[in-house]
Amino acid sequence: MSTVLVLHVPARLARFVLRMFRPHLHAAYGLLWVLALEASAVSLTGAAWRPTGATWVRVASVVLALLFLRMLDEQKDLEYDRVHHPDRPLVTGEITAAELRGSMAVLTAVLTGLNAALSPAAVLLILSALGYALLLAALERLSAAVRDRQLLNLTVTYPVQVLLGIYVYGTLAAAGTVPADWRAGVLLALCACVFLHYEFARKTVWETPPGARLYSALLGPRRSAAVTAALAVGAVGCQIALFLPDGPAGLLPCLTAALPAWGLRRFLRARRGGWPLPAAAGFVAGTHLALTVRAAVLP
């Protein structure tokens with residue numbers, strides 16, 4: 001019986017990961033985000049950037065941390081999903097909360113071991129992000145306002161992503177690779193604007209189904225679209241502040257802003273449906289990829 005369980009649980013977890021944490025989306029995002037942040041941070045010092053063993057530890061750590069957060073979110077959103085997403089694995093029983101919690105404990109141990117190879121600071125930074133996420137889960141259980149008010153929820157939950165960005169930059173600074181100066185804040189703001197552009201885009205629609213958690217339901221479609229576009233503008237502004245001294249070639253990643261511009265135009269003209277998500281996803285992937293290539297090509 002125990003042998004059956006040992007084989008059964010990993011299979012259930014694998015199905016959960018493939019469905020709820022699709023590697024070609026979530027793992028690819030983690031990879032591109034870490035490479036873009038690290039490459040940009042190093043290039044701003046004037047040094048040539050090439051990925052190292054520590055780079056891949058950071059990539060693996062961020063991807064595993066994002067999987068941890070996905071497992072935690074699945075449990076936090078259970079009551080909402082029972083009404084609005086009855087086919088989710090936790091709702092249908094394809095996986096249990098106990099199995100998810102056990103997997104989160106394993107991920108924590110793996111992340112601790114991985115980062116112990118970098119530095120004590122790396123362990124502290126990655127565990128701080130996970131700890132903040134767990135604290136928020138408890139806060140959402142206690143506070144209906146934090147749980148149900150969309151913008152308040154975003155305000156208190158998004159710092160988890162910021163902490164992961166601080167982990168990447170902080171481990172570079174702890175290794176003496178980059179300085180801890182004003183550019184760190186601008187780089188983290190750049191990453192935040194890129195991510196939040198997609199976050200708002202995917203929850204900006206003209207028609208709101210009853211009970212749906214959408215920013216456009218709170219702000220109205222036009223204002224939600226304006227915020228979505230403004231976040232892309234913010235990302236471009238951060239790039240200009242950081243890379244203008246490199247000349248026109250250094251600003252080539254800004255060209256990806258054409259995608260949000262097209263998305264805004266199409267959304268406003270259509271007056272139905274939602275923000276074109278391929279444009280938003282393309283902006284995220286294109287910006288991160290362009291920043292990485294820029295750092296590799298322009299020393």
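1. Contact here means heavy atoms within 4.5 Å. By that rule, N153 touches E140, V146 and R147, with residues up to four places away in sequence not counted. N153 sits in helix α9, residues 150–157; helices (H or I, at least four residues) and strands (E, at least two) are DSSP runs, numbered from the N terminus. N153 is buried, with a relative accessible area of 17%; buried means under 20% relative accessible area, exposed over 50%, and partly exposed in between, for a 1.4 Å probe and protein chains only. The C-alpha atoms of N153 and V42 are 33 Å apart, with these positions 111 residues apart along the chain.

2. A note on the source of these values is required. The model is predicted, and local features need pLDDT of at least 70, side-chain atom pairs count only at pLDDT 80 or more, and totals for chains, interfaces and linings use all residues. Residues are numbered from 1 along each chain as its sequence is written, and side-chain values use heavy atoms, with hydrogens and water left out.

3. The interior may be considered next. A nonpolar core is a set of buried Ala, Val, Leu, Ile, Met, Phe, Trp, Tyr and Cys residues joined through side-chain atoms within 4.5 Å. The largest such core has 77 residues, and L164, L187 and L190 have the most contacts inside it. Beyond its neighbours up to four places away in sequence, L187 touches L37, S40, A41, L44, Y169 and L242. A second, separate core has 7 residues, including A201, A229, F267 and W275.

4. Helix α2, residues 23–43, contains Y29. Y29 counts as buried, at 15% relative accessibility. Leaving aside neighbours within four places in sequence, Y29 is in contact with L66, Q161, F195, V284 and H288. One of these partners, V284, is 255 residues away along the chain, yet the C-alpha atoms of Y29 and V284 are separated by 8.2 Å.

5. Helix α1, residues 2–20, contains V17. Is V17 buried or partly exposed? V17 is partly exposed, because its relative accessible area is 21%. Apart from neighbours within four places in sequence, V17 is in contact with R22 and L67. The C-alpha atoms of V17 and M71 lie 9.0 Å apart, although these residues are 54 places apart along the chain.

6. Two loop residues deserve comment. S119 lies in the loop between α6 and α7, and S119 is buried, with a relative accessible area of 18%. The C-alpha atoms of S119 and A175 are separated by 8.2 Å, with these positions 56 residues apart along the chain. R271 lies in the loop between α14 (258–270) and α15 (277–297). The phi angle of R271 is near 55°, a positive value in a residue other than glycine.

7. How many disulfides does a search of the whole structure find? The search finds 0 disulfides, where a disulfide is a pair of cysteine sulfur atoms within 2.5 Å. Why is C191 not bonded to its closest cysteine? The sulfur of C191 is 9.1 Å from the closest cysteine sulfur, in C238, and is therefore too far for a bond. C191 counts as buried, at 9% relative accessibility. The sulfur of C254 also has its closest cysteine sulfur in C238, but the separation is 10 Å, so this pair is too far apart for a bond. C254 is buried, with a relative accessible area of 15%.

8. The surface has pockets of which two are described. On a 1 Å grid over the protein atoms alone, a pocket is an open set of points where a 1.4 Å probe fits, with protein on both sides within 12 Å along at least five of seven lines; lining residues have an atom within 4 Å of a point. The largest pocket holds about 1,800 Å³ of space. Of its 45 lining residues, R70, D73, E199, R202 and K203 are the closest to its centre. By class, this lining has 24 nonpolar, 7 polar and 14 charged residues; Ala, Val, Leu, Ile, Met, Phe, Trp, Tyr, Cys and Pro count as nonpolar, Asp, Glu, Lys and Arg as charged, and the others, Gly among them, as polar.

9. The second largest pocket holds about 300 Å³ of space. It is lined by 17 residues, of which Q75, K76, D77, A137 and R141 lie nearest its centre. This lining divides into 7 nonpolar, 1 polar and 9 charged residues. Helix α7 gives the most to the lining, with 5 residues.

Terms used
Grid points are joined across faces, edges and corners, and a volume is the space filled by probe spheres set on the points.
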